[in-house]
Amino acid sequence: MLLRSILDDIDELLKMDVGYIRRLEKIKKTIQRNSSLWDADLRYVEQLAKHYLNETYDYPKKNITSRGYHT
């Protein structure tokens with residue numbers, strides 16, 4: 001089984017047109033810029049992925065900053 005990344009999950013969720021599209025796009029841009037990500041945003045993507053995607057992945061939380069998740 002291949003591990004999915006958060007970007008893979010966001011792309012799949014965007015294709016499915018579920019959740020708040022603008023929020024997912026903002027989260028994706030934040031990750032692509034290698035900026036820190038709020039914990040709430042990470043949990044949001046995790047919950048959507050667990051609900052809508054067959055295969056889910058618990059994203060690594062090794063780079064937590066005071067603001068949240070840092071990629």
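Modeller: Before we start, exposed here means over 50% relative accessible area and buried means under 20%, with partly exposed in between. Also keep in mind that this is a predicted model.

Colleague: Okay, is tyrosine 20 buried or exposed?

Modeller: Exposed has to be over 50%. Tyrosine 20 comes out at 60% relative accessibility, so it counts as exposed.

Colleague: How many aromatic pairs does a search of the whole structure find, and is tyrosine 20 in one?

Modeller: The search turns up 1 aromatic pair. Its rings belong to tyrosine 20 and tyrosine 44, with centres 6.4 Å apart and planes at 25 degrees. Planes under 30 degrees apart count as stacked, so this pair is stacked.

Colleague: Which parts does that pair tie together, and how many residues apart in sequence are they?

Modeller: Tyrosine 20 lies in the loop between helix H1 (6-16) and helix H2 (21-32). Tyrosine 44 belongs to helix H3 (residues 39-52), so the pair ties together parts separated in sequence by 24 residues.

Colleague: And tyrosine 44, buried or exposed?

Modeller: The cut-off for buried is under 20%. Tyrosine 44 has 14% relative accessibility, so it is buried.

Colleague: What sits over the ring of tyrosine 44?

Modeller: A charged end does, 4.2 Å from the centre of the tyrosine 44 ring. It belongs to arginine 23.

Colleague: Which residue does arginine 23 meet in a salt bridge?

Modeller: Side chains of opposite charge can pair when their charged atoms come close. Here the N to O distance is 2.9 Å. The pair links helix H2, home of arginine 23, to helix H3, 18 residues apart. Arginine 23 is partly exposed at 30%, and its partner, buried at 10%, is aspartate 41.

Colleague: How many salt bridges are there in the whole structure, and which residues meet at 2.5 Å?

Modeller: The search finds 2 salt bridges. In the one at 2.5 Å, a residue of helix H2 meets one of helix H1, so parts 17 residues apart in sequence are tied together. Both partners are partly exposed, one at 21% and the other at 28%. They are, in that order, lysine 28 and aspartate 11.

Colleague: Back to H2 and H3: how do they cross?

Modeller: Two packed helices are described by the angle between their axes and the distance between the axes. The axes of H2 and H3 come within 11 Å and cross at roughly 120 degrees, which makes H2 oblique to H3. As for handedness, the crossing of H2 and H3 is left-handed.

Key: Residues numbered from 1 in each chain as written. Predicted model: local features only at pLDDT ≥ 70, side-chain atom pairs only at ≥ 80, totals over all residues. Heavy atoms only, no water. Phe/Tyr/Trp six-rings, centres within 6.5 Å; stacked < 30°, edge-to-face > 60°. Helix = DSSP H or I, 4+ residues; strand = E, 2+ residues; numbered from the N terminus. Buried < 20%, exposed > 50% of the residue type's maximum accessible area, 1.4 Å probe, protein only. Lys NZ or Arg CZ within 6 Å of the ring centre and 35° of its normal. Salt bridge = Lys/Arg side-chain N within 4 Å of Asp/Glu carboxyl O. Axes fitted to C-alpha atoms, helices over the stretch in contact; angles between N-to-C directions. Parallel < 35°, antiparallel > 145°, perpendicular 65-115°, else oblique. Left-handed = near helix turned anticlockwise from the far one by under 90°.
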